[in-house]
Amino acid sequence: MTSSAAPDPTASDPAALSPRLPSPLQEVADGRFARHGLRLLLKRDDLIHPELTGNKWRKLAPNLKAAAGRTVVTFGGAWSNHLRATAAAGRLLGLRTVGVVRGQELADRPLNPSLARCAADGMRLHFVDRTTYRRKSEPETLAAVLRGIGAEEPYVVPEGGSNTLAVRGCRTLGQELGGHADVVALACGTGGTLAGLAAGLPPGPRVLGIPVLKGGFLTADVEALQERAFGARRGTWSLDERFHFGGYARVTPELDAFAEDFTGRHGVPVERLYVAKLLYALVALADEGAFARGTTIAAVVTGSPFPARP
Ligand SMILES: Cc1ncc(COP(=O)(O)O)c(C=O)c1O
């Protein structure tokens, strides 16, 4: 099957994949919170679907539907959770997918396990140099990349999947959490999940985002995503920029040990690049006295480890 073939109108609706929605909300007994008079709930979005886990389901499902059988072209780095989820969705729904991968040099090396999984799921990988990748949202660069791919009428999903449809799709996460917590916390990459969640959450709770990238640009990005999706800033949200551990995909031995210990205590697999940083931040903030006694915190488990950990 080539990506230049015509759209396949029989490609099925993602709803046919039977997502587990609303996702479970699980209370965990953890002394590091209890000793400050806090309750910790885990919003188990990682259990929505075994392959489209966490925010991937919420962000991709509306886009897959809108693709209506067209080839889905999207972007990511060599370990991108988003690329893997898109590739899996393509296999499950009979959609052609192309992944534009950052790093021309990777084209000549054996695929890492994440890209190998994408390829095994039928995703065509298209490697581009880092300058092209950085400029991928400039219209001429994007047009040149799409010409290089040769897909007819492609449906383009941005890096991380955070377009307007995705942001609107994440409102359901906020709606599901309404009435259950005083603080809703989640890790942020592009901020698309936070943008939608904060808009969907009924008035009352505040949303706390933990960026996993360094740079301090995310407040403006989330505001822009909300402007585009809803016309204005929505909900009560803020970011704490102190828990990126050196930047995207940086995992220190301390963070790794923290995540392993969390799994040991609660039996919940902890994804390292996002979810571990969120949970670590919450323990640190609880120790700092950032939450008043009696506060219920809901931490969103936005994904699962890859490769799967016990
Ligand atoms: C597991 C996980 N959690 C959180 C995020 C961050 O989501 P967003 O880019 O919407 O901020 C991602 C990236 O998409 C992710 O893979």
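This report walks through a few helix pairs, some loop residues and two cis peptide bonds in a predicted model.

Let's start with the annotation. A UniProt record, an unreviewed entry, places the feature "domain: Tryptophan synthase beta chain-like PALP" at residues 32-303. Over that stretch the chain is 43% helix and 16% strand, and the C-alpha atoms at the two ends sit 23 Å apart.

**Helix pairs**

Two packed helices are described by the angle between their axes and the distance between the axes. Here are three pairs from this model.

| Helix pair | Residues | Axis angle | Axis distance |
|---|---|---|---|
| H2 and H3 | 55-67 and 81-93 | roughly 50° | within 11 Å |
| H9 and H10 | 192-200 and 218-230 | about 55° | 9 Å |
| H11 and H12 | 253-266 and 275-288 | roughly 85° | within 10 Å |

Take H2 and H3. With their axes crossing at roughly 50°, the two helices are oblique to each other, and H2 passes H3 in a right-handed crossing. On the H2 side the contact uses Lys-56, Leu-60 and Leu-64. On the H3 side you'll find Asn-81, His-82, Ala-85, Thr-86, Ala-89 and Leu-93. By class, the residues of this contact come out as five nonpolar, three polar and one charged.

Next up are H9 and H10. They pack at an angle of about 55°, so this pair is oblique as well. The crossing of H9 past H10 is right-handed. H9 brings Gly-192, Leu-194, Ala-195 and Ala-199 to the contact, while H10 supplies Val-222, Leu-225, Gln-226, Ala-229 and Phe-230. The residues there are seven nonpolar, two polar and no charged.

How many of the nine residues of H9 are buried? The count is nine of nine, and the helix is mostly covered. The buried residues in H9 include the contact residues Gly-192, Leu-194, Ala-195 and Ala-199, and also Thr-193, Gly-196 and Leu-197.

Then there's H11 with H12. Their axes cross at roughly 85°, which makes H11 roughly perpendicular to H12. Leu-255, Phe-258, Ala-259 and Phe-262 make the contact from H11, and Ala-276, Lys-277, Leu-279 and Tyr-280 make it from H12. The tally for this contact is seven nonpolar, no polar and one charged.

Ala-257 also belongs to H11. Is Ala-257 buried or exposed? It has 10 other C-beta atoms within 10 Å, and a residue with 12 or fewer counts as exposed, so Ala-257 is exposed. Ala-257 and Ala-276 are 19 residues apart in sequence, and their C-alpha atoms are 9.8 Å apart in space.

**The loop between S9 and H11**

Now for the loop that runs between strand S9 (237-239) and H11. His-244, one of its residues, has 18 C-beta neighbours inside 10 Å and so counts as partly exposed. Which residues does His-244 touch, leaving out those up to four places away in sequence? They are Pro-211, Val-212, Leu-213, Lys-214 and Lys-277. For His-244 and Leu-213, the separation is 31 residues in sequence and 5.7 Å in space, C-alpha to C-alpha. Lys-277 may look familiar, as it is also part of the contact that H12 makes with H11.

Phe-245 is in this loop too, and its backbone deserves a look. Its phi is near 55°, a positive value in a residue other than glycine. Why does Phe-245 count as buried? A residue needs 20 or more other C-beta atoms within 10 Å to be called buried, and Phe-245 has 20.

Ala-249, likewise in the loop between S9 and H11, has a positive phi of about 70° although it is not a glycine. With 14 C-beta neighbours inside 10 Å, Ala-249 is partly exposed.

**Two cis peptide bonds**

Finally, check two prolines. Leu-21 and Pro-22 are joined by a cis peptide bond with omega about -5°, and Pro-22 lies in the segment before strand S1 (25-28). The bond from Phe-306 to Pro-307 is cis too, with omega near -15°. Pro-307 is found in the segment after strand S10 (296-300).

Key. Residues numbered from 1 in each chain as written. Predicted model: local features only at pLDDT ≥ 70, side-chain atom pairs only at ≥ 80, totals over all residues. UniProt positions renumbered as here; feature names shortened; annotations may be inferred. Helix = DSSP H or I, 4+ residues; strand = E, 2+ residues; numbered from the N terminus. Axes fitted to C-alpha atoms, helices over the stretch in contact; angles between N-to-C directions. Parallel < 35°, antiparallel > 145°, perpendicular 65-115°, else oblique. Left-handed = near helix turned anticlockwise from the far one by under 90°. Contact = placed C-beta atoms within 7 Å. Nonpolar A, V, L, I, M, F, W, Y, C, P; charged D, E, K, R; others polar.
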